[in-house]
Amino acid sequence: MKKERVPSEPEAVWSEKDMAGGETVGAQVIILRTNGCCWAKAGRGGCTMCGYRTASMSGVTAEDLNKQVDLALSKYKGEPFVKIYTSGSFFDPAEIPAAVRDRIFDEYGGCRRILVESRPEFLTADLLSTLPAQLTVALGLESSDEEVLRTCVNKGFTAAQSREAGMRLKDAGLGVRTYLLLKPPYLTESDAIEDAVSSALFADPFSDEISVNPLNIQHGTVVERLWKRGEFRSPWIWSLIEVMKRLSGKVNARLMSSPSGGGSQRGVHNCGACDQRALAAVERFSFSQDPRDLDCGGCECKSTWERYLGAEKMLGTADDVGRVLANELNIRG
Ligand code: SF4
Ligand SMILES: [Zn+2]
């Protein structure tokens, strides 16, 4: 039975590993329940791959949020890194009122590193001058291609606006983690690889970390509709490895990826037999930055992936060619 969602309880709290000050450390992850992303609620449907609209609530008060923070604090075990997500923008006052925000920074003031996410429009120079020095802000750039952002992602801001926000954060002495979307809808797998590589090069000057996020098909999204019709396949793990290999040594930012839904049909996946090995290689690389760690021992499906890329080009389509032509070409992956 589905758990009832209560506004005074966070969506989730757990502990995992991440990096702070060049070291692997424990990180507390808190997902707060808020009134949701302003862009998803704006009537334009939000981003094409984002299912957070269904996850957020309405009528969440400052009191509810304070109770959520109390609960997160009760589970806090002194992790040096704290990551606070809201399924939207931490700096949108409609999601997190300023008093709650200040309390969070105060309570976690002893942490070595704090990470939050925000759309660029909330990151004004005035606000940034008031923020704690150990803060990293994650920016959802997704792609540096303005056309991809507008037509494939429906992001509602431009890559130039993300870059300006990133520069402002750097000027204020704060950290920047940039998210890139691997395989926005309507792009072929090969175009998606190129898009992620060029987007990382674009983001590097204002990013301390670049997180390559392979698209994970969420419920109730435009992408889910395309997927159900055979017009989208979530990316191959081989594509993610290819992006990392091509960028390794070319950017100063730390490259990382911790895919949601990896190994499932909705998430980044290969043939099934090698998925966990390939994902483990990506995880190792995310910490070490050593491209030798991307070697996962290979699999027969790597040649299937290569044929998949070739078939897409030949047919000139971003549809799931494996599904469409499974019988004819035997390239199901
Ligand atoms: S991806 Fe981010 S900006 Fe886009 S709708 Fe979802 S929460 Fe809002
Ligand atoms: Zn395989």
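Let me start with Asp64, which, once its neighbours within four places in sequence are left aside, is in contact (heavy atoms within 4.5 Å) with Pro7, Ser8 and Gly59. This is a predicted model, in which local features need pLDDT of at least 70 and side-chain atom pairs count only at pLDDT 80 or more, while totals for chains, interfaces and linings use all residues. Residues are numbered from 1 along each chain as its sequence is written, chains are lettered from A and ligands numbered from 1 in the order in which they are written, and side-chain values use heavy atoms, with hydrogens and water left out.

Asp64 belongs to helix H2, residues 62-74, where helices (H or I, at least four residues) and strands (E, at least two) are DSSP runs numbered from the N terminus. What is the nearest side chain of opposite charge to Asp64? That side chain is Lys67, 5.3 Å away, and Asp64 is buried yet has no salt bridge. Here buried means under 20% relative accessible area, with exposed over 50% and partly exposed in between, using a 1.4 Å probe and protein chains only; a salt bridge is a side-chain nitrogen of Lys or Arg within 4 Å of a carboxyl oxygen of Asp or Glu, and in the matter of charge Lys and Arg count as positive and Asp and Glu as negative, His and the chain ends not being counted. A polar atom of the Asp64 side chain does, however, lie 3.0 Å from the backbone nitrogen of Thr61.

Turning to another pair, Ala203 is found in helix H7, residues 189-203, and Thr178 in strand E6, residues 175-182. Ala203 counts as buried because its relative accessibility is 0%, and Thr178 counts as buried because its value is also 0%. Not counting residues up to four places away in sequence, Ala203 touches Leu141, Thr178 and Ile210, while the contacts of Thr178, on the same terms, include Leu139, Leu141, Ala203, Phe206 and Ile210.

Finally, ligand 1 is surrounded by Cys37, Ala40, Cys47, Cys50, Tyr52, Ser87, Gly88, Arg119 and Lys155, a residue being near a molecule if one of its heavy atoms lies within 4 Å of it. Ser87 sits in the loop between strand E3 (81-85) and helix H3 (98-107), and counts as buried because its relative accessibility is 12%. Beyond residues up to four places away in sequence, Ser87 touches Ile31, Cys37, Tyr52 and Glu95, and its C-alpha atom is separated by 9.3 Å from that of Asn35, 52 residues apart along the chain.

How values were computed: A polar contact is a pair of N or O atoms within 3.5 Å; within protein, one must be able to donate a hydrogen and the other to accept it, and residues adjacent in sequence count only if both atoms are side-chain atoms.
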